[in-house]
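Trainee: Before I accept the labels attached to this model, I would like to go through them one by one and see how each value is set against its definition.

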Amino acid sequence: MEDKPGVLTRVASLFRRLNINIISLTVGRSERSGLSRLTLVCEASAEAGNRIRASLYKLDNVLDVDDIAGAPSVTRELALIKVAATRHTRSAIFELAEVFRARIVDLTAESLMIEMTGVESKIEGLIQVLIDSEHEILEICRSGKMTMRRGHHTSRVLKALGSDDTEQDSEQLTADSE
């Protein structure tokens, strides 16, 4: 979508009008100047999904819509978890962070902050272990899901990688979209 003021409001208003709840929403700059990538997750039937896509294409500032629900993709989420910690409990929390391949990004006398990137279930697993271990979670801040198709390269990506097969890729993309 175009990186302009008000575009996100129009997208969110569309979902409100369709009476569909947005579960996760992430927006950020893309590889193309002046464009942002919006990753949106909602629960909807196939019929509602078709209605959503058609409605999104009607928005002037939306350039492309890609439903990747069934496509091979990589999905990640970021979580910052602030946990109460004393000098006696710190080492146990450090060990948990290591097991979950998370990082400690802030440490004070009374708390520490864990940064974790991964799939939703992995983040939920760490939170549950912290709760079960009776560590006091002070705050949690999570990003929405970020998703990209696996192995799906546009001609622009192939050109950046130094491939001269951009015409073949365009034909493949056309065949994939049908």
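Mentor: Let us begin with the terms helix and strand, which are DSSP runs, of at least four residues for a helix and at least two for a strand, numbered from the N terminus. The model is a predicted one, and on those terms Ser-30 lies in the loop between strand E1 (22-29) and strand E2 (36-42).

Trainee: Why is Ser-30 called partly exposed?

Mentor: Buried means under 20% relative accessible area and exposed means over 50%, with partly exposed in between. Ser-30 has a relative accessible area of 24%, and therefore it is called partly exposed.

Trainee: Why does Ser-24 count as buried?

Mentor: Ser-24, which is found in strand E1, has a relative accessibility of 8%, and because buried means under 20%, Ser-24 counts as buried. Over the protein chain, buried residues make up 28% of the 178 residues.

Trainee: What makes the approach of the side chain of Ser-24 to the backbone nitrogen of Lys-145 a polar contact?

Mentor: A polar atom of that side chain lies 2.7 Å from the backbone nitrogen of Lys-145, and the cut-off for a pair of N or O atoms is 3.5 Å, so the pair falls within it. Leaving aside neighbours within four places in sequence, Ser-24 is also in contact with residues including Thr-39, Leu-40, Val-41 and Gly-144.

Trainee: Which backbone atoms does the side chain of Ser-30 approach?

Mentor: The side chain of Ser-30 reaches the backbone nitrogen of Arg-32 at 3.2 Å, and one of its polar atoms lies 3.0 Å from the backbone oxygen of Leu-35. Once residues up to four places away in sequence are set aside, Ser-30 touches Leu-35, Ser-36 and Arg-37.

Trainee: How far apart are the C-alpha atoms of Ser-30 and Asp-3?

Mentor: Those C-alpha atoms are separated by 9.3 Å, although the two residues are 27 apart along the chain. Among contacts in the protein chain between residues at least 6 apart in sequence, 61% join residues at least 24 apart.

Trainee: What makes Leu-8 eligible for a surface patch, given that it is partly exposed?

Mentor: A patch residue needs over 30% relative accessible area, and Leu-8, which lies in helix H1 (residues 7-17), has 35%, so this requirement is met while the residue remains partly exposed. Together with Leu-25 and Val-27, Leu-8 makes a nonpolar surface patch of about 200 Å².

Conventions: Residues numbered from 1 in each chain as written. Predicted model: local features only at pLDDT ≥ 70, side-chain atom pairs only at ≥ 80, totals over all residues. Heavy atoms only, no water. Patch = residues over 30% accessible without salt bridge, like charges linked within 9 Å, V, L, I, M, F, W, Y side chains within 5 Å. Areas by Shrake-Rupley, 256 points an atom, 1.4 Å probe, with all protein chains shown as cover. Salt bridge = Lys/Arg side-chain N within 4 Å of Asp/Glu carboxyl O. Buried < 20%, exposed > 50% of the residue type's maximum accessible area, 1.4 Å probe, protein only. Contact = heavy atoms within 4.5 Å. Polar contact = N/O pair within 3.5 Å; in protein donor to acceptor, adjacent residues only side chain to side chain.
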